[in-house]
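Here are some notes to read alongside the structure. Keep the 3D view open and look for each item as you go.

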Amino acid sequence: MNALPLRRRLALELFRLYRHSETAEHKLTYFFWECTLRCNLHCMHCGSDCLRDGKPDMPAADFLNVLDGLRGTVDPQKTFIVITGGEPLMRADLEDIGAELRKRGFRWGMVTNGFAMTEDRFRAFLRAGLRSITVSLDGLQRSHDKFRGHGESFERALNAISLAAHTPGLIYDVMTCVNRENLPELPELRDLLVKTGVKRWRITAVFPKGRAAGNPLFDLSVAEYRQILDFIRETRTQGQIHTGYSCEGFLGAYEGVARESPFFCRAGVNVASVLADGSISACPSLRGDYIQGNIYRDDFRDVWQNRFQVMRDRSWARTGECEKCKYWRYCEGGSLHLRDERTRELIVRCRARQMDEAKL
């Protein structure tokens, strides 16, 4: 798997032209709102600033004012709102917020651990216009409960997944963060998801940030990383559940094999976010020096149009190991969340190069 076949190189060249076109146009199509930093779990691999208590939630009116200010700039039918956290279900007003989003013409969804999802609340979200949901499931019961820090988290997550899987027309998927302990469970977890009726499954490694930083459970070897990608390729071949690797970075010879479309870090290109303190960023995983403004002092429209060049022009990233990399043309420095937010140097080596060098 060390060489890119001609057909795949041609596909990557065409996608490169598409990527540059999308970057030049930079239409806002995915808008994340970090509605709270509160969470009802304490996950070992959490990379955010979420807390059980502490900082207050952003008032819903403040985020809705941002959307109201985008009238005439974005088409609500082409800009999807994704509510995240922390844990969104910690907010008692989430159904009302969803109804306000629908009233303004926006489609919306959420990313959740599923712990607090009940059937009554799920139905209320559907009435409020819920169009998509992502639920995390990180292994079989023992592994998931361990990493999520609660003995009931697996059953509750599976309940939320089942509710989504049995709702016609709802766009949903399951997200699994792989580590050394749950890696051997992937085949059995796949069977469970298929049995539950799940159609889409996203798999990723854990970013070395937050509580995951320095934990050897999440420091996968090249062989283990390749095992994940080979498992995805096998599962895609079986055709029972649509499986793909998430957006961690360029996969070299595995591009076109382990995910549906080639790597494209859309942070600041098509993706923006408002964080819980009002900060304007791109992907919610990006913080620190990647923050471009704040809704309490800046016009979001101006920030989106004029302050995301660090994400749209990636020439600055062609240093260090990226400078002479044969994959630069298709990767352009990898996902920004894998770079230090201050020095912008890579904190995780390019997986594609690692696999090439290992020659496994």
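The points below go from the whole chain to its sheet and then to a few single residues.

1. A word on the source. Please keep in mind that you are looking at a predicted model. Every value in this note was computed from that model.

2. The overall build. Which secondary structure elements make up the chain? There are twelve helices and ten strands. If you draw a box along the principal axes, the C-alpha atoms fill roughly 55 × 45 × 35 Å. The radius of gyration is 20 Å, and a compact globule of 360 residues would be near 21 Å, so the chain agrees with that expectation.

3. Inside and outside. Of the 360 residues in the chain, 55% are buried. The surface that the chain exposes comes to about 15,800 Å², and carbon and sulfur atoms supply 51% of that area. The chain also carries 54 positive and 47 negative charges, and the mean positions of these two sets are 5 Å apart.

4. Who touches whom. Take the contacts in the chain with a separation of 6 or more: 71% of them are between residues 24 or more positions apart. Sequence distance and distance in space are worth checking together for a single pair as well. Thr167 and Ala352 are 185 residues apart in sequence, and their C-alpha atoms are 38 Å apart in space.

5. The sheet. In what order do the strands of the open sheet lie? The order is β7-β6-β5-β4-β3-β2-β1-β8-β9-β10, a sheet of ten strands with mixed pairing. The edges are taken by β7 (242-245) and β10 (293-294); each has a single partner strand, so one side of each has no neighbour in the sheet. As a reminder, strands of a sheet pair through backbone hydrogen bonds, in either a parallel or an antiparallel way.

6. Strands β2 and β3. Strand β2 (residues 80-84) runs parallel to β3, and three bridges join the two. To find this pairing in the viewer, look for Ile83, which stands opposite Met110 in β3. Why is β3 described as largely enclosed by the rest of the structure? Four of the five residues of this strand (residues 108-112) are buried, which means that little of the strand is left uncovered.

7. Strand β5 and its two partners. On one side, strand β4 (residues 130-136) is joined to β5 by five bridges, and the two run parallel. Here Ser136 has Met175 in β5 as its bridge partner. Strand β6 (residues 200-205) also pairs with β5 in the parallel sense, over five bridges. Two pairs to look for are Val174 opposite Trp201 in β6, and Cys177 opposite Thr204 in β6. Is β5 mostly covered or uncovered? Seven of its eight residues are buried, and β5 is mostly covered.

8. Two threonines to compare. Thr23 sits in helix α1 (residues 6-25), whereas Thr167 is found in the loop between α6 (153-165) and β5 (171-178). Thr23 has 14% relative accessibility, so this residue counts as buried. Thr167 is buried too, with a relative accessible area of 11%. What surrounds them, once neighbours within four places in sequence are set aside? Thr23 is in contact with Phe264, Val269 and Arg312, while Thr167 is in contact with Phe122, Arg123 and Leu126.

9. Two backbone angles to check. Most residues other than glycine have a negative phi. Glu332 has a phi near 55°, and Arg344 has a phi near 65°; both values are positive in residues other than glycine. Where do these residues lie? Glu332 is in the loop between α11 (328-331) and α12 (351-358), and Arg344 is in the loop between α11 and α12 as well. Their cover can be read from the relative accessible area, where the cut-off for buried is under 20%. At 16%, Glu332 therefore counts as buried, whereas Arg344, at 26%, is partly exposed.

Conventions
Residues numbered from 1 in each chain as written. Predicted model: local features only at pLDDT ≥ 70, side-chain atom pairs only at ≥ 80, totals over all residues. Heavy atoms only, no water. Rg over C-alpha atoms; globule rule 2.2 N^0.38 Å. Buried < 20%, exposed > 50% of the residue type's maximum accessible area, 1.4 Å probe, protein only. Contact = heavy atoms within 4.5 Å. Areas by Shrake-Rupley, 256 points an atom, 1.4 Å probe, with all protein chains shown as cover. Lys, Arg positive; Asp, Glu negative; His and termini not counted. Charge placed at Lys NZ, Arg CZ, Asp CG, Glu CD. Pairing = 2+ DSSP bridges.
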